[in-house]
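This report describes the packing and secondary-structure arrangement of a single model. The sequence and coordinates are displayed below, and the discussion follows them.

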Amino acid sequence: MSESYFIFSNGELKRKDNVVRITALDGRFKDIKVEMTRDIYLFGEVSLNTKCLNYLATLKIPVHVFNYYGFYTGTFYPKETNVSGKLFVKQVENYTDNDKRTELAQLIIDAASANILRNLRYYQERGKELEEIIEQIKALRKGIFKTQNVEELMGVEGSIRKVYYDSWNIIVNQEIDFEKRVKRPPDNMINTMISFLNTLVYTACLSEIYVSQLNPTISYLHSVGDRRFSLSLDLAEIFKPLLADRVIFSLLNKKMITEKDFAKDSNYFYMKEKAQKLILKTFNERLETTIKHRDLGRSVSYRHLMRLEAYKLVKHLMEDKKYEGFKIWW
């Protein structure tokens, strides 16, 4: 089973025979078992050359890069070898046709909001006063399939998110003073954690899309634009409540991460390295957690669910089976 490989080091990443070696500034090194590696995450100041990148490309291993503060800066995305011209045409057709695009975007938000509701019910079952918020989101969800275009749908999605974020001060057993979502730059502990973990979900989805024949730049909920793999943003919406949000709630409620794990630089907050490593470890464990899939009749990991989501989208685009976004059922 292949895994993600996380590198926190100031040093050099290079090819050494049939392995990739990370060498720290003090000369210590560690070899990466590339045959067991799905993708690589680089944190810190790591240098690498084209020889290393070419080798990773032949092995079809994407490299996700983060800066000193833990903010995502980009991905080395190897040339796609598993391509389909027919599927690409279908992807474009479903984007340019307003009805088809809106339908897919609605199905994505329907699944994402259902997973948000499951989070709320999970904590309601554990004594949190969330009934009013749950009822508000249930009412808002009724408007999803009444929208006529993606712009209207994004308005509904924004309202659902706002109500959902209002619940975080109730769910989290720390004084977090979380008033609203601020992305660029994140202005407090919660917004920093959300940005970091949402990026991890996004890059994990991107790695799974790479395995499929889908073009990652053609999306439906998010607008197609330059310099981003927007289809990953689409699929990430479904999994953020199950992966990013659950990890945040768990780490904060167990007091494994507190305000002391953050620092402020200029006008934004960033996580210290210790907190980043803990989140990456917890997130990766969550990705590898398995559940019994009720349709497949076997256990699959959350990571594999992302790949299945990409395959379901392929079937929808090729008119084999209508897409239905993943909704947690337990």
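In which sense do strand 5 and strand 7 pair, and over how many bridges? The model under discussion is predicted. In it, strand 5 (residues 37–43) and strand 7 (residues 63–66) run in the parallel sense, and their pairing comprises 3 bridges. Within this part of the model, Y41 is placed opposite H64 of strand 7.

Both strands belong to an open sheet of 4 strands, whose order is 1-5-7-8 and whose pairing is mixed. The edges are occupied by strand 1 (3–8) and strand 8 (72–76); each has a single partner strand, so one side of each lacks a neighbour in the sheet. On average, and with direction ignored, neighbouring strands of this sheet are turned by 20° against each other.

The nonpolar residues of the model form separate cores. The largest nonpolar core holds 86 residues, and the members that touch the most others are L120, W168 and F239. Helix 7 (residues 189–211) supplies the largest share of this core, namely 14 residues. A second, separate core consists of 15 residues, among them I7, I40, L42 and I61.

The surroundings of W168 can be listed individually. Leaving aside residues up to four places away in sequence, W168 touches I176, F178, I190, I194, D245, I248 and F249. Of these partners, D245, I248 and F249 are buried residues of helix 9.

Helix 9 (residues 241–253) has 12 of its 13 residues buried and is therefore largely enclosed by the rest of the structure. The buried positions include P241, L242, R246 and N253. After helix 9 comes K255, which has a positive phi, near 60°.

A further packing arrangement involves helix 3 and helix 8. Two packed helices are described by the angle between their axes and the distance between the axes. Here the axes of helix 3 (residues 98–124) and helix 8 (residues 230–239) come within 7 Å and cross at roughly 30°. Angles under 35 degrees count as roughly parallel, and helix 3 and helix 8 are therefore roughly parallel to each other. The residues that make this contact are tabulated by helix.

| Helix | Contact residues |
|---|---|
| Helix 3 | I108, A111, A112, N115 |
| Helix 8 | D234, E237, I238 |

By character, the residues of the contact of helix 3 with helix 8 comprise 4 nonpolar, 1 polar and 2 charged.

Notes: Residues are numbered from 1 along each chain as its sequence is written. This is a predicted model: local features need pLDDT of at least 70, side-chain atom pairs count only at pLDDT 80 or more; totals for chains, interfaces and linings use all residues. Side-chain values use heavy atoms; hydrogens and water are left out. A nonpolar core is a set of buried Ala, Val, Leu, Ile, Met, Phe, Trp, Tyr and Cys residues joined through side-chain atoms within 4.5 Å. Buried means under 20% relative accessible area, exposed over 50%, partly exposed in between (1.4 Å probe, protein chains only). Helices (H or I, at least four residues) and strands (E, at least two) are DSSP runs, numbered from the N terminus. Contact means heavy atoms within 4.5 Å. Two strands pair if DSSP finds at least two bridges between them. Axes are lines fitted to C-alpha atoms, for helices over the stretch in contact, and angles run from 0 to 180 degrees between N-to-C directions. Angles under 35 degrees count as roughly parallel, over 145 as roughly antiparallel, 65 to 115 as roughly perpendicular and the rest as oblique. Ala, Val, Leu, Ile, Met, Phe, Trp, Tyr, Cys and Pro count as nonpolar, Asp, Glu, Lys and Arg as charged, and the others, Gly among them, as polar.
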